[in-house]
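Hi everyone, thanks for coming. Let me put the model on the screen, and then we'll walk through confidence, pockets and cavities.

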Amino acid sequence: MANGVERESGLMIFSDEELREMSGVKTGGEYIEVTCGCTSHRYGDAVGRLRVFSNGDLEITCECTPGCNEDKLTPAAFEKHSGRETARKWKNNVWVIVNGEKVPLSKTVLLKYYNQALKNGNGSQRSHNGRVCHRDEFVLCTSCNKERRFRLRTKEECLIHHNALADKNWKCSDLPYDKITCDDEEERASRRVYRGCTRSPTCKGCTSCVCFGCEICRFSDCSCQTCIDFTMNAKA
């Protein structure tokens with residue numbers, strides 16, 4: 001794309017010049033993806049794929065070993081997963097490769113929209129452009145009795161979760177993405193604690209990741225109360 005990576009609104013996320021020397025750049029829909037990593041003095045480099053979404057969301061799929069299935073990690077969770085000794089400083093510890101050199105995220109343009117989202121957020125009254133208003137939630141399959149993760153970053157994703165909660169007979173096969181079946185393993189308990197909070201990877205619910213109702217997660221044309229109550233129930 002000669003004019004850079006575009007947002008859904010038609011605005012440019014990053015110019016070609018800003019991304020020119022970064023390794024592993026890919027584009028898809030509302031995000032760009034680059035190679036990233038985090039270095040532990042004990043375990044060495046853990047490499048992954050960082051997705052930067054148009055709303056400022058950051059998400060990492062770990063590729064530290066061929067058998068690693070850790071995905072949709074926050075940078076803080078990826079930092080901890082890598083075994084980094086001085087954790088809780090992910091902006092400096094998580095890096096991307098620019099001109100063949102490891103460069104901390106804090107010194108790149110990739111945090112531009114993340115920082116804007118944090119600036120727009122204000123306590124519990126966070127902007128709809130904020131980093132995270134809704135943490136990931138889980139719904140129990142009535143067939144296999146396994147909990148399945150729902151990512152709640154867009155109105156469409158919130159609607160999918162809303163409909164699943166309202167369906168008393170919801171099954172894994174009803175999930176419109178990820179192609180999960182009842183034969184697939186349930187997420188490990190150690191993985192389920194990571195739910196997308198910006199303040200703490202293992203947060204159990206706070207004003208940064210629990211929404212109490214906004215235009216994204218409420219549906220005025222729905223007669224049930226799930227769209228109003230589900231975030232309250234999730235925090236309980």
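Confidence in this predicted model peaks in strand β7 (residues 94-98), with a mean pLDDT of 95, and is lowest in helix α7 (residues 226-235), with a mean of 42. By pLDDT I mean the predictor's confidence in each residue, from 0 to 100. Helices (H or I, at least four residues) and strands (E, at least two) are DSSP runs, numbered from the N terminus. The protein as a whole averages 78, and 75% of the residues score at least 70.

Two stretches deserve some care. Residues 121-132 stay under 50, and the model gives them 36 contacts beyond four places in sequence, a contact being heavy atoms within 4.5 Å. Residues 225-236 are also below 50, with 23 contacts beyond near neighbours in sequence. Where pLDDT is low, the predicted coordinates should not be read in detail.

A quick word on the ground rules. Residues are numbered from 1 along each chain as its sequence is written, and side-chain values use heavy atoms, leaving out hydrogens and water. As this is a predicted model, local features need pLDDT of at least 70 and side-chain atom pairs count only at pLDDT 80 or more, while totals for chains, interfaces and linings use all residues.

Now, the empty space. On a 1 Å grid over the protein atoms alone, a pocket is an open set of points with protein on both sides within 12 Å along at least five of seven lines; a cavity is a set where a 1.4 Å probe fits but cannot get out; and lining residues have an atom within 4 Å of a point. Points are joined across faces, edges and corners, and a volume is the space filled by probe spheres set on them.

Which residues lie closest to the centre of the largest pocket? They are N69, D71, I180, E185 and E187, out of 16 lining residues. This pocket holds about 440 Å³, and strand β10 (residues 147-150) gives the most to its lining, with 3 residues. The lining has 13 charged residues, 2 nonpolar and 1 polar; Asp, Glu, Lys and Arg count as charged, Ala, Val, Leu, Ile, Met, Phe, Trp, Tyr, Cys and Pro as nonpolar, and the others, Gly among them, as polar.

The second largest pocket, at about 320 Å³, has 15 lining residues, with R51, K72, R151, E157 and Y177 nearest its centre. Here α5 gives the most, with 3 residues.

Finally, there are 4 cavities of 30 Å³ or more. The largest cavity has about 110 Å³, and K72, L73, T74, R153 and G196 are closest to its centre.
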